[in-house]
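Trainee: I should like to go through the reasoning behind the terms used for this structure. May we begin once it is in view?

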Amino acid sequence: MDLNVLIVGGGIHGTGLLHDLATRNVPGVHLVEKSLLSSGTSSKSTKLVHGGLRYLEHLNQWGLVHEALKERAILLRLLRDIVKPLPFVLPNFKGDKRPPWLIRMGLFFYDLLAGDGGLPSASTINKKNILSYAPYLNPEKVEKEMISAFQYYDAQMLDDVITRIVAEAAVKLGASYEENAKVTEVIPIQDGYKVTIVSKDSTKTLTTRTIVNASGAWCNANLLNWNIIPNITCLLNLGTHIVFNPEAVPNGDITKNSATLIQEPDGRIVFFIPWFGKWLYGTTESILVGEPSHVRYPEEDKAYLMHTAKETLNLHDAEKNISEIFCGVRCMPLHVKANIKNFNSTWNNEPFNSPFYVRQLDKNISGLSRETVLDEVLPGLITIYGGKYTTYRSISEKIGALLSRKLKLGSSTGTHLAENWFLSELMQEKPSLFSSSANLRQM
């Protein structure tokens, strides 16, 4: 066999697994990305490393929150300045779906689950002082409608920077990757698979013992292109974000002000975040129907965010101060077995019109679990569905352990050790890695 593991997809889960396997000293590990590393959802997140405070409303997601808070602490330790603490103010207005007592209880359990995570505990904020923390809030709404306010801590990140650093650290440990290349054919053979990889300059065929399909929104499309019927149906969740120039908050200080989490009347939550020199606002939760490449933000999503901003925020020339708008597409598994036995040849060319991508949902998307689902559709071919960016390292560790046992190769993971990240070396050799790319967010 040419390879032990072929990873398809260069987002955070694909590069995270590449890094994990490299730290285990597993030989013959290679990643293929059809565009550029982090050009998909991994450059278009809300830029938060967080446990998911709102997930505490669902008892079945408490385990995910605990895992994410543990990972938050690890990433804060390993990636200083790339992942950094972020204070949040949480105002509570008349008519909000979640009353103050429920918010306070949620923050108590959030701190409890975080344990000694290195961040301050939640506290109450006096109504008179909240504008000093969040000068972008509408002062009239604060005065007339605010009942209470709290402060708590999470963290924020440069998501695309982390993805690329993880891949380069893996290369230093002996793994490899290639961009602008696509796996066009997967054929089962004895003890593995024969695959065809097509790039601009070449077509090559190689063999691999295992394949990990880590392609996010394209996961089921890949399987269908390879003539494999998926076991899991999924939904494509489109999240729109608006980035504002600093001038949108004339009396603000991006280096010192808190972020905020706003409860909307429809139950949704939006964030307004000081993010590395600008203000980041989002996200929406709509269903994408069709191809997730080069998605333009829906006008209704922008209108929703701008309306919300007008209601709760006090932004100066909001429309004129928009720096960029970007969309991320999250793959959300529906935990529903497809139970389709016969392959339809039209799915090769139109995978996003297949029954494996759900186009409508009879419940609120925010209620869906963010847990990662792993499915071994064929022996040695594993697909990763869903997941949170924050928990990528622990998920990669689980898959890395699974593959190590299956292959009878490698040792324990080393992704929690600073020496396996090579930050000082990479900063000297490739300083451009450490700057977030607006171009990636628009791909």
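Mentor: Let us begin with burial: a residue is called buried if its relative accessible area is under 20%, exposed if over 50%, and partly exposed in between. Please keep in mind that this is a predicted model.

Trainee: Why is Y110 called buried?

Mentor: The relative accessible area of Y110 is 1%. The limit for burial is under 20%, so Y110 counts as buried.

Trainee: What makes Y110 and Y152 an edge-to-face pair?

Mentor: The ring centres of Y110 and Y152 are 6.0 Å apart, and their planes make an angle of 85°. A pair requires centres within 6.5 Å, and an angle over 60 degrees counts as edge-to-face; therefore both conditions are met for Y110 and Y152. Y110 belongs to helix α3 (residues 100–114) and Y152 to strand β6, so the pair ties together parts that are 42 residues apart in sequence.

Trainee: How do you know that Y152 is buried?

Mentor: Its relative accessibility is 2%, and the limit is under 20%, so Y152 is classed as buried.

Trainee: Why is the pair of F88 and Y152 called stacked?

Mentor: For F88 and Y152, the centre-to-centre distance is 5.1 Å and the planes are 15° apart. Since planes under 30 degrees apart count as stacked, the pair of F88 and Y152 is stacked. This pair links distant parts of the chain, with F88 in strand β4 (residues 83–93) and Y152 in strand β6 (residues 146–157), 64 residues apart. F88 and Y152 are both buried. By the rule for ring pairs, the count comes to 16 aromatic pairs.

Trainee: What makes K34 a charge over the ring of W218?

Mentor: K34 lies over the face of W218, at 4.4 Å from the ring centre. The distance criterion is within 6 Å, and 4.4 Å satisfies that part of the rule. Similarly, the charged end of K141 is placed over the ring of F93, at 4.7 Å from its centre.

Trainee: How do you know that K47 and D159 form a salt bridge?

Mentor: The closest N and O atoms of K47 and D159 are 3.0 Å apart. A salt bridge needs such atoms within 4 Å, so the pair of K47 and D159 qualifies. K47 lies in the loop between β2 (29–32) and β3 (48–49), and D159 in helix α6 (residues 159–172), so parts that are 112 residues apart in sequence are tied together. Both residues, K47 and D159, are buried.

Trainee: What makes R393 and E71 a link between parts of the chain?

Mentor: R393 and E71 form a salt bridge, with their closest N and O atoms 2.9 Å apart. R393 lies in helix α10 (residues 392–407) and E71 in helix α2 (residues 62–78), so this pair ties together parts that are 322 residues apart in sequence.

Trainee: Why is E397 called partly exposed, whereas R393 is called buried?

Mentor: E397 has a relative accessible area of 28%, which falls between 20% and 50%, so E397 is partly exposed. R393 is at 5%, and the limit for burial is under 20%, so R393 is buried. Salt bridges that share partners join E71, R393 and E397 into one network.

Notes: Residues numbered from 1 in each chain as written. Predicted model: local features only at pLDDT ≥ 70, side-chain atom pairs only at ≥ 80, totals over all residues. Heavy atoms only, no water. Helix = DSSP H or I, 4+ residues; strand = E, 2+ residues; numbered from the N terminus. Buried < 20%, exposed > 50% of the residue type's maximum accessible area, 1.4 Å probe, protein only. Lys NZ or Arg CZ within 6 Å of the ring centre and 35° of its normal. Salt bridge = Lys/Arg side-chain N within 4 Å of Asp/Glu carboxyl O.
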